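Reader: I'm at home at the bench but less so with models on a screen. Could you show me how to read helix packing and burial?

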Amino acid sequence: MMDDVAVENLMRAALSGDADAYRRCLTELAPTLRRMAFAALPDDARHMAEDVVQETLLVIHMKRGSWDQSRPLMAWVRVILRHKAIDMLRRRKGGVHIPVEEMSETLPVPGGADPLAGYLLEQLLGRLSPRDAALIRAHALQGKDDAEIRAAFSLSPGAMRVALHRALGRLRAVAQKESEG
């Protein structure tokens, strides 16, 4: 496991366009987020820790450009996780709790990549229009730069920012509806 400074350096490289650094940054953050989520939730809500982690990773992904690079990354991440834990606790009223023991066959192997992360994201993207999903994939998953995306979608710089912003907003709405549903 990397220290906070190493993860912070990966995020800086990611913000400079290094897609591999971004993937490594999120991979390094995930176990730390799991520990933080588990500690942030009360005993009777710890079964929601993975949901808090996934929502935190989604916010980090969508808002990574807003991180002030002069400040510590992990402080920013902790605030996001704390808010997502609070949101999750507020939404749990009336929710169904499935004991983790019953899900042991579907849980990921410790230390391995989360096999459900990509699947869940693809499910959410599948609820968007094909153009919105393709735009988000190009920007966030394939790591294409703005010029490549503008060329692929025949968009001006301003139109691309608006289209991407709206697509991410629709993805956020779909993810929120999914978590409430």
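**Reading a helix bundle, contact by contact**

Author: Let's start with one pair: α3 and α4 pack at an angle of about 130°, with their axes 9 Å apart. That makes α3 oblique to α4. One caution before we go on: this is a predicted model, where local features need pLDDT of at least 70 and side-chain atom pairs count only at pLDDT 80 or more, while totals for chains, interfaces and linings use all residues. Residues are numbered from 1 along each chain as its sequence is written, and side-chain values use heavy atoms, with hydrogens and water left out.

Reader: Fine, but how are the axes drawn, and what counts as oblique?

Author: Axes are lines fitted to C-alpha atoms, for helices over the stretch in contact, and the angle between N-to-C directions runs from 0 to 180 degrees. Under 35 degrees is roughly parallel, over 145 roughly antiparallel, 65 to 115 roughly perpendicular, and the rest oblique. Helices themselves are DSSP runs (H or I, at least four residues), strands are E runs of at least two, and both are numbered from the N terminus.

Reader: Which hand does the crossing of α3 and α4 have?

Author: Here's the idea: a crossing is left-handed if the near helix is turned anticlockwise from the far one by less than a right angle, and right-handed if clockwise. The α3 and α4 crossing is right-handed.

Reader: And which residues of α3 and α4 meet?

Author: Contact means heavy atoms within 4.5 Å. On the α3 side you have Asp51, Val52, Glu55, Thr56, Val59, Ile60 and Lys63; they meet Trp76, Val77, Ile80, Leu81, Lys84, Ala85, Met88 and Arg91 in α4. The residues of this contact split into nine nonpolar, one polar and five charged. For that sorting, Ala, Val, Leu, Ile, Met, Phe, Trp, Tyr, Cys and Pro are nonpolar, Asp, Glu, Lys and Arg are charged, and the others, Gly among them, are polar.

Reader: Thr56 is in that list. Is Thr56 buried or exposed?

Author: Buried means under 20% relative accessible area, exposed over 50%, and partly exposed in between (1.4 Å probe, protein chains only). Thr56, in helix α3, has 0% relative accessibility, so it counts as buried. Leaving out residues up to four places away in sequence, Thr56 touches Leu33, Val77, Ile80, Leu81 and Lys84.

Reader: What covers the buried residues of α4?

Author: The cover includes α1 (4–15), α2 (19–40) and α3 (49–63). Beneath it, the buried residues of α4 are Leu73, Met74, Trp76, Val77, Ile80, Leu81, Lys84, Ala85 and Met88.

Reader: How do I check the length of a helix like α4?

Author: Take 1.5 Å times one less than the number of residues as the expected span. Helix α4 (residues 73–91) has 19 residues and reaches 27 Å from first C-alpha to last, close to the 27 Å expected. For the 15 residues of α3, the expected span is 21 Å, and its end C-alpha atoms are 21 Å apart, which agrees.

Reader: How do α1 and α4 pack?

Author: Their angle is about 85°, with the axes 9 Å apart. That makes α1 roughly perpendicular to α4. In this contact, Asp4, Val7, Glu8 and Met11 of α1 meet Leu73, Met74 and Arg78 of α4. The residues divide into four nonpolar, no polar and three charged.

Reader: Glu8 is a charged residue there. Why does Glu8 count as buried?

Author: Glu8 counts as buried because its relative accessibility is 14%. Setting aside neighbours within four places in sequence, Glu8 is in contact with Trp67, Arg71, Pro72 and Leu73.

Reader: What about α2 and α3: what angle do they pack at?

Author: About 140°, with their axes 9 Å apart. That makes α2 oblique to α3, and the crossing is right-handed. Ala37 sits in α2 and, at 0% relative accessibility, counts as buried. Ala37 touches Ala49, Val52, Val53 and Leu81, not counting residues up to four places away in sequence. Ala37 and Leu81 are 44 residues apart in sequence, yet 7.0 Å apart in space, C-alpha to C-alpha.

Reader: And how many helices and strands are in the chain?

Author: Eight helices and zero strands. Of the 181 residues, 31% count as buried.
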